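Work through the exercises below with the structure at hand. Try each task before reading its solution.

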Amino acid sequence: RPGAYGGGGDDGEGFLVVATDTAHRHVETLLRRGIEDHAAARGVAPAATVSDVTGGLAQINLQGPRSRELLAALTSADVSD
């Protein structure tokens, strides 16, 4: 969600990017390089930062062909498309 986890500086804009455990270092590296390359190509300072908040968050994934059915049994929230 925008502004979550201290992202984005003074304007409160930010993004939380979620990657698998096995790919998170790769994704972090790609983001950092992309930010640096974008800034260098324009001759400006980077306008974004990347912070690894893995140690401060937890995630549970519910996946599969019957995942929506299972989730519907656990909540009163609408989980339809």
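**Exercise 1: A surface patch**

Leu16 has a relative accessibility of 36%, so Leu16 counts as partly exposed. Keep in mind that this is a predicted model.

Task: Find where Leu16 lies, and name the nonpolar patch that includes Leu16.

Solution.
- Step 1. Locate the residue. Leu16 sits in the segment before helix 1, and helix 1 spans 24-42.
- Step 2. Check the cut-off. A patch residue needs over 30% relative accessible area. Leu16 has 36%.
- Step 3. Name the members. Leu16, Val18, Val53 and Leu57 make up the nonpolar surface patch.
- Step 4. Give the area. Together these four residues have about 290 Å² of accessible area.

**Exercise 2: Two partners of Arg25**

Task: Which salt bridge does Arg25 form with Glu28, and which with Asp52? Give the atom distances and the place of each residue.

Solution.
- Step 1. Recall the cut-off. The side-chain nitrogen must lie within 4 Å of the carboxyl oxygen.
- Step 2. Take Glu28. The closest N and O atoms of Arg25 and Glu28 are 3.0 Å apart, and the pair forms a salt bridge.
- Step 3. Place this pair. Both residues belong to helix 1, three residues apart, or about one turn of the helix.
- Step 4. Compare exposure. Arg25 is exposed, because its relative accessibility is 51%. Glu28 is buried, because its relative accessible area is 13%.
- Step 5. Take Asp52. Arg25 also forms a salt bridge with Asp52, with the closest N and O atoms 2.8 Å apart.
- Step 6. Place this second pair. Arg25 is in helix 1 and Asp52 is in the loop between helix 1 and helix 2 (67-74), so the salt bridge ties together parts 27 residues apart in sequence.
- Step 7. Add the exposure of Asp52. Its relative accessibility is 33%, so Asp52 counts as partly exposed.

**Exercise 3: A bridge from helix 2, and a network**

Task: What does the salt bridge between Arg68 and Asp81 tie together? Then name the residues that salt bridges with shared partners join into one network.

Solution.
- Step 1. Read the distance. The closest N and O atoms of Arg68 and Asp81 are 3.0 Å apart.
- Step 2. Place the pair. Arg68 lies in helix 2 and Asp81 in the segment after helix 2, so parts 13 residues apart in sequence are tied together.
- Step 3. Sort by exposure. Arg68 is partly exposed because its relative accessibility is 43%. Asp81 is exposed because its relative accessible area is 88%.
- Step 4. Name the network. Through shared partners, salt bridges join Arg25, Glu28, Arg32 and Asp52.
- Step 5. Finish with the count. There are five salt bridges by this rule.

Technical notes: Residues numbered from 1 in each chain as written. Predicted model: local features only at pLDDT ≥ 70, side-chain atom pairs only at ≥ 80, totals over all residues. Heavy atoms only, no water. Patch = residues over 30% accessible without salt bridge, like charges linked within 9 Å, V, L, I, M, F, W, Y side chains within 5 Å. Areas by Shrake-Rupley, 256 points an atom, 1.4 Å probe, with all protein chains shown as cover. Helix = DSSP H or I, 4+ residues; strand = E, 2+ residues; numbered from the N terminus. Buried < 20%, exposed > 50% of the residue type's maximum accessible area, 1.4 Å probe, protein only.
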